[in-house]
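Let's take a walk through this protein together, starting with the overall fold and ending beside the ligand. Keep the 3D view open so that you can turn to each spot as we reach it.

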Amino acid sequence: MLEEIGLAYEVKPVNIGKDEQFAPDFLAISPNNKIPAIVDHDAPGGPLAIFESAAILTYLADKSGQLLAPSGPQRWKALKWLAWQVGGLGPMLGQLNFFAKRSPDKAPLAIERFTDESKRLLKVMAGRLDSVPYLRAMPTRSPTSPATPGPRWRSRC
Ligand SMILES: N[C@@H](CCC(=O)N[C@@H](CS)C(=O)NCC(=O)O)C(=O)O
């Protein structure tokens, strides 16, 4: 997203394979010991640390004025799908990956539960993508209607 909105940034790798997410200087930025996290050194009032991907995406969209409507229904049409992804699909696929692949103990009930729920969520996603090109997007324009110029946050709808 930083590339897409054209904001300068510096990458600080955090090797979670080496438990670097538990280092005190990283925990000061991301107390939940997870990547991604950012620090905006140009924030009003001084450096601002943000963790959780949904918060980071929303913050960067607001800061840059791109990819997300500043207010109104289009903002909420995007944010509800972002919340659905981070609260539903992401965690469910993560749990499925853990129980079905990584865990040495193959607990059938856990695998069944997370498989079913993952399939259900993927079906919701597939249904949405039947009618729009991106989860957050408005219905695809009719090929005969002219493209409507507008603010940059609308350009990918
Ligand atoms: N809800 C978080 C999830 C982030 C997440 O699960 N990060 C994983 C890597 S993909 C992580 O940092 N794991 C390290 C750990 O759990 O110690 C978000 O959306 O930012």
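The paragraphs below go from the overall layout to the helices, then to the loops, the strands and the ligand.

Please keep in mind as you look that this is a predicted model. The protein has 5 helices and 2 strands, and along the sequence they follow the pattern α-α-β-β-α-α-α. Of its 157 residues, 6% count as buried. If we take the contacts in the protein with a separation of 6 or more, residues 24 or more positions apart account for 33% of them.

Let's begin with helix 3, which covers residues 53-64. How far apart should the ends of its 12 residues be? At 1.5 Å a residue the expected span is 16 Å, and the end C-alpha atoms are indeed 16 Å apart, so the two values agree. Three residues of helix 3 are buried, namely L57, L60 and A61. If you look down the axis of helix 3, these buried residues fall within an arc of 100°, and therefore they line one face of the helix. The elements that cover them include helix 1 (2-5) and helix 4.

Helix 4 is the next stop, at residues 73-102. Its 30 residues reach 41 Å from the first C-alpha to the last, which is close to the 44 Å expected at 1.5 Å a residue. Follow helix 4 along its path and you will find a bend of about 40° at Q85. The buried residues here are A78, M92 and F99, and what covers the buried residues of helix 4 includes helix 5 (108-131).

It is worth pausing at A78 in helix 4. Why does A78 count as buried? There are 23 other C-beta atoms within 10 Å of A78, and a residue is buried if that number is 20 or more. Leaving out residues up to four places away in sequence, A78 touches L68 and R136. A78 also lies 9.7 Å from Y134, C-alpha to C-alpha, although 56 residues separate the two in sequence.

Now turn to helix 5. Its 24 residues should span 34 Å at 1.5 Å a residue, and the end C-alpha atoms are 35 Å apart, which agrees. Is helix 5 largely buried or largely in the open? The number of buried residues among its 24 is 1, so helix 5 lies largely in the open.

The loops hold some backbone details to look for. Most residues other than glycine have a negative phi, and most peptide bonds are trans. Against that background, D19 has a positive phi, near 60°. D19 sits in the loop between helix 1 and helix 2, and it counts as exposed because it has 10 C-beta neighbours inside 10 Å. L67 is not a glycine either, and its phi is positive at about 70°. L67 belongs to the loop between helix 3 and helix 4, and with 20 C-beta neighbours inside 10 Å it counts as buried. Just after helix 3 you will also meet G65, with a positive phi of about 70°.

Which two residues are joined by a cis peptide bond? They are I35 and P36, where omega is about 5°. P36 lies in the loop between helix 2 (24-27) and strand 1 (37-40).

From there, move on to strand 2, residues 48-51, where you will find A49. With 13 C-beta neighbours inside 10 Å, A49 counts as partly exposed. Setting aside neighbours within four places in sequence, A49 is in contact with I29, A37 and V39. A49 and V39 are 10 residues apart in sequence, with their C-alpha atoms 4.3 Å apart in space.

Our last stop is the ligand. Which residues surround the ligand? They are I16, Q21, N33, K34, I35, P36, E52, S53 and V86. By class, this shell has 4 nonpolar, 3 polar and 2 charged residues. You have already met I35 and P36 in this group, as the pair joined by the cis peptide bond.

Key. Residues are numbered from 1 along each chain as its sequence is written. This is a predicted model: local features need pLDDT of at least 70, side-chain atom pairs count only at pLDDT 80 or more; totals for chains, interfaces and linings use all residues. Helices (H or I, at least four residues) and strands (E, at least two) are DSSP runs, numbered from the N terminus. The expected span of a helix is 1.5 Å times one less than its number of residues. The bend at a residue is the angle between axes fitted to the seven residues ending there and the seven starting there. A residue is buried if 20 or more other C-beta atoms lie within 10 Å of its own, exposed if 12 or fewer, and partly exposed in between; C-beta atoms are placed from the backbone. Two residues are in contact if their C-beta atoms, placed from the backbone, lie within 7 Å. The arc is that of the directions from the helix axis to the C-beta atoms. A residue is near a molecule or strand if its C-beta atom, placed from the backbone, lies within 6 Å of it. Ala, Val, Leu, Ile, Met, Phe, Trp, Tyr, Cys and Pro count as nonpolar, Asp, Glu, Lys and Arg as charged, and the others, Gly among them, as polar.
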